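Let's take a stroll through a protein chain together, starting at its surface and working inward. Keep the 3D view open while you read.

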Amino acid sequence: SNPSAIFLSRHGEPVPGSCVLVTQEGTRPLLVEIQALVDSSHAPSPRRLSVGLEQNRLAMLLAVLHRHAGIACFDQDVFVNAVGGVKISEPAADHAVLAAIVLFALPSMLCGMVSPYAVRLAITDNATAGSVIGRLNAISTIGSIVGTFLGGFVLISWFGSMETTLGVSAFLLAAAAMVRLRPILSKAALGLCLLLTLFCTWSYSQYHKETFLAEKDSLTVDTLYSSVRVASGMLEGRPVRLLFTDPGSCQSGSFEDDPNELAFAYTKLYALGTTMNPQAKRILMLGGGGYSVPKWLLAGHTGLASPDFSLDVVELDPGITVLAQQYFGAPANDPRMRIIHEDARTFVNRAASEVPAGSAGPYNLIFADIFNSYYNVPFHVGTVEAARNIRALLAEDGMYIMNIITAINGDNGR
């Protein structure tokens, strides 16, 4: 429904180095995100790489930026990318490119000044200058490696991207204060200041989550796999809570006055399975999301002959499950439901290999509602091998119903 979604990244909040441009393709206006990365160059000739924009235009824009704004990038590598692979030729894109470069150039320049300044402060005489520079460069390299993994695998998943950015900024200010106030304050006091900075960052993160919908209509959380936004809205005249993992469309929705009711029209088609196979005892759901279908199944509104069935839900992202429990009423403690945090294809391959040769599979119903970024069915679950393994998991009366994210006709049916 939103063609511009494929040209936008999935960041739930603004990030340095990105700018959204309104452009026109034929007669249709599109929103296209321009991303820029500016980094210190270690080569005699800094790199200028442009994807989706002309290389010569980028060089000209950098010259204009230096001449009229005083921002020099002659010693910086500059990378510019138009999200989605779109080619942009109109002059209006120049403003977006400059904005993206400026947004990233300033923090890059300021952070790049830390190491030279620290070296200058640490050098006391020429005899030891070489060892001091080597030692600080080694520490800087180790810090870069540790920081990359710490930020990508720990901090963002624990606190979120915005809280991590604020925390790092506060930490840098505290570190600068340590250098300035070192003659006055003791090391214990300075260490206490740093711990207080980390605590304030964590407290803000928790406050941001706990005040969701009390003071605002949305919450953005960074999980191990994606940036997820939970928001409230209206659907069919009723209040609904929505879960977004990409811009443009929502992944899951739940009516606030009846969380067990299926909110989206396509999810109601899963009732075909329970209607045609009411004796189902074992059900597999590939893709949890907001756990709309599992809630509907467990609530007993499905037409199944017996409520004594078992349900296995395979969801890749544990963070999604936590959000589903907190904001969508997912009954994670229901003894009939088993949650497996694993890639759907990995689970299917493993479970199929455990089925004895010549025997029927264990599941009477298999539902699939899985997709990757920009709402496409993941390639690895649409192969012939994946279909054969899913077939091996079906019982003799088994049925497989999959959301292929398309329409019968119109633009969405292409």
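A nonpolar patch, as the word is used here, is built from residues with over 30% relative accessible area and no salt bridge, with nonpolar side chains such as Val and Leu joined within 5 Å. Before we use that idea, bear in mind that you're looking at a predicted model.

**On the surface**

Now find V20, V22 and L31: these residues make a nonpolar surface patch of about 240 Å². L31 sits in strand β2, which covers residues 28-40. Is L31 buried, partly exposed or exposed? Its relative accessibility is 34%, and because partly exposed means between 20% and 50%, L31 counts as partly exposed.

**The whole chain**

Zoom out for a moment. The protein chain has 11 helices and 13 strands. It is 414 residues long, and 38% of them count as buried. What share of the contacts with a separation of 6 or more is between residues 24 or more positions apart? That would be 70%. As for the outside, the chain exposes about 23,100 Å², and carbon and sulfur atoms supply 62% of that area.

**Three loop residues**

Next, zoom in on three spots in loops. Here is where they are and how much of each is accessible:

| Residue | Loop between | Relative accessibility |
|---|---|---|
| E236 | β6 (227-235) and β7 (238-244) | 60%, exposed |
| Y291 | β9 (282-286) and α8 (292-298) | 1%, buried |
| A330 | α9 (318-327) and β11 (337-340) | 10%, buried |

Why does A330 count as buried while E236 counts as exposed? The cut-offs settle it: buried means under 20% and exposed means over 50%, so A330 at 10% is buried and E236 at 60% is exposed.

There's a backbone quirk to look at, too. Most residues other than glycine have a negative phi. E236, however, has a positive phi of about 55° and is not a glycine. Y291 also goes positive, with phi near 60°, and it isn't a glycine either.

**Who touches A330?**

Leave aside the neighbours within four places in sequence, and A330 is in contact with Y291, K295, A324 and Q325. So two of our loop residues meet here: Y291, buried at 1%, and A330, buried at 10%, are in contact. For a sense of distance, try V293: it is 37 residues from A330 along the chain, and their C-alpha atoms are separated by 10.0 Å.

Definitions and conventions: Residues are numbered from 1 along each chain as its sequence is written. This is a predicted model: local features need pLDDT of at least 70, side-chain atom pairs count only at pLDDT 80 or more; totals for chains, interfaces and linings use all residues. Side-chain values use heavy atoms; hydrogens and water are left out. Helices (H or I, at least four residues) and strands (E, at least two) are DSSP runs, numbered from the N terminus. Buried means under 20% relative accessible area, exposed over 50%, partly exposed in between (1.4 Å probe, protein chains only). Contact means heavy atoms within 4.5 Å. Accessible areas come from the Shrake-Rupley method with a 1.4 Å probe; for residues, only the protein chains shown count as cover. Patches are made of residues with over 30% relative accessible area and no salt bridge: like charges are joined within 9 Å, nonpolar side chains (Val, Leu, Ile, Met, Phe, Trp, Tyr) within 5 Å. A salt bridge is a side-chain nitrogen of Lys or Arg within 4 Å of a carboxyl oxygen of Asp or Glu.
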